[in-house]
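Colleague: I am new to this structure. Please take a close look at one salt-bridged pair and its surroundings, and work outward from there.

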Amino acid sequence: QAMEMCAVAHLLKGEAEAAELVCNDLLEIEPDNVRVLATLAAVYIEQGRNAESRAIAEQLAERDSTDAEDLYKIATVCCENGLHEAAYAKFRQLDQKTPYDGRVLYFKGVSAYKSGYVKESIKTFSELCTIYPDAEVAKYYRKELCRYDEEGGEPPELIYFYHLPQAERER
């Protein structure tokens, strides 16, 4: 686990090549390690190797896991690779294991919307607003989703990064 954290640290410092080397060394020892594979997928995204990252994400999406950390890693790698249905499925599983986790609920709401489940997304953001009444991003997304669900028109842009859209921040 320490070596995996070393790979993550390299990635966070912008040292993608060093992170890749550590991941590859670890995968020689444990070729099915979910967390290392997820980190390698993130490395590939950083390097612009999107097809390789997506291949890992698709492989991980097929995995069943009961470990919350594994589920989170799989779900976020699916998000990063546009596998929204798979991400939503994993975040639903994770929500059962870690109820009231704002980070999980947020990603669950975004992935639900990106999978076409607008009402489920509204429900999730409403739950998030109840648990965290000061969560401005959750309130904004819930408002925009409700408007879209009731009136149609321009679909809101929901992103996996937790912040208000630029236009909303400039108000």
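Modeller: Glu144 is buried, with a relative accessible area of 16%; buried means under 20% relative accessible area, exposed over 50%, and partly exposed in between, with a 1.4 Å probe and protein chains only. This is a predicted model, in which local features need pLDDT of at least 70 and side-chain atom pairs count only at pLDDT 80 or more, while totals for chains, interfaces and linings use all residues. Residues are numbered from 1 along each chain as its sequence is written, and side-chain values use heavy atoms, with hydrogens and water left out.

The partner of Glu144 is Arg147, and their side chains meet in a salt bridge at 3.3 Å, N to O. A salt bridge here is a side-chain nitrogen of Lys or Arg within 4 Å of a carboxyl oxygen of Asp or Glu. Arg147 is partly exposed, with a relative accessible area of 25%. Both residues belong to helix α9, residues 136–151, and sit three residues apart, about one turn of the helix. Helices are DSSP runs of H or I with at least four residues, and they are numbered from the N terminus.

Cys146 is partly exposed at 24% relative accessibility. Its sulfur is 9.3 Å from the closest cysteine sulfur, in Cys129, which is too far for a bond. Cys6 is in a similar position: its closest cysteine sulfur, in Cys23, is 9.6 Å away, again too far for a bond. Cys6 is partly exposed as well, with a relative accessible area of 30%. The structure holds zero disulfides, a disulfide being a pair of cysteine sulfur atoms within 2.5 Å.

Back to the charged pairs: the count comes to 14 salt bridges. One of them joins the side chains of Lys73 and Glu4, at 4.0 Å, N to O. Lys73 is in helix α5 and Glu4 in helix α1, so this pair ties together parts that are 69 residues apart in sequence. Lys73 counts as buried at 16% relative accessibility, and Glu4 counts as buried at 9%.

Another salt bridge brings together the side chains of Lys108 and Asp95, at 2.8 Å, N to O. Here the parts tied together are 13 residues apart in sequence, because Lys108 lies in helix α7 and Asp95 in helix α6, residues 84–97. Lys108 and Asp95 are both buried. Elsewhere, Glu20, Arg49 and Glu52 are linked in a network of salt bridges.

The loop between α6 and α7 holds Tyr100. Tyr100 has a positive phi of about 70° although it is not a glycine. Most residues other than glycine have a negative phi. Tyr100 is exposed, with a relative accessible area of 57%.

The pocket comes next. The largest one has a volume of about 430 Å³. Its 18 lining residues include Ala42, Thr76, Val77, Glu80 and Phe161, which are the closest to its centre. Helices α1 (2–12), α3, α5 (68–80) and α7 (102–114) are the elements that give two or more residues to the lining, and α5 gives the most, with six. On a 1 Å grid over the protein atoms alone, a pocket is an open set of points where a 1.4 Å probe fits, with protein on both sides within 12 Å along at least five of seven lines, and a lining residue has an atom within 4 Å of a point. Grid points are joined across faces, edges and corners, and the volume is the space filled by probe spheres set on the points. By class, the lining has 13 nonpolar, two polar and three charged residues; Ala, Val, Leu, Ile, Met, Phe, Trp, Tyr, Cys and Pro count as nonpolar, Asp, Glu, Lys and Arg as charged, and the others, Gly among them, as polar.

Last is the largest nonpolar core, with 51 residues, of which Leu60, Phe91, Tyr106, Phe125 and Tyr141 touch the most other members. Helix α3, residues 34–46, gives the most to this core, with nine residues. Such a core is a set of buried Ala, Val, Leu, Ile, Met, Phe, Trp, Tyr and Cys residues joined through side-chain atoms within 4.5 Å.
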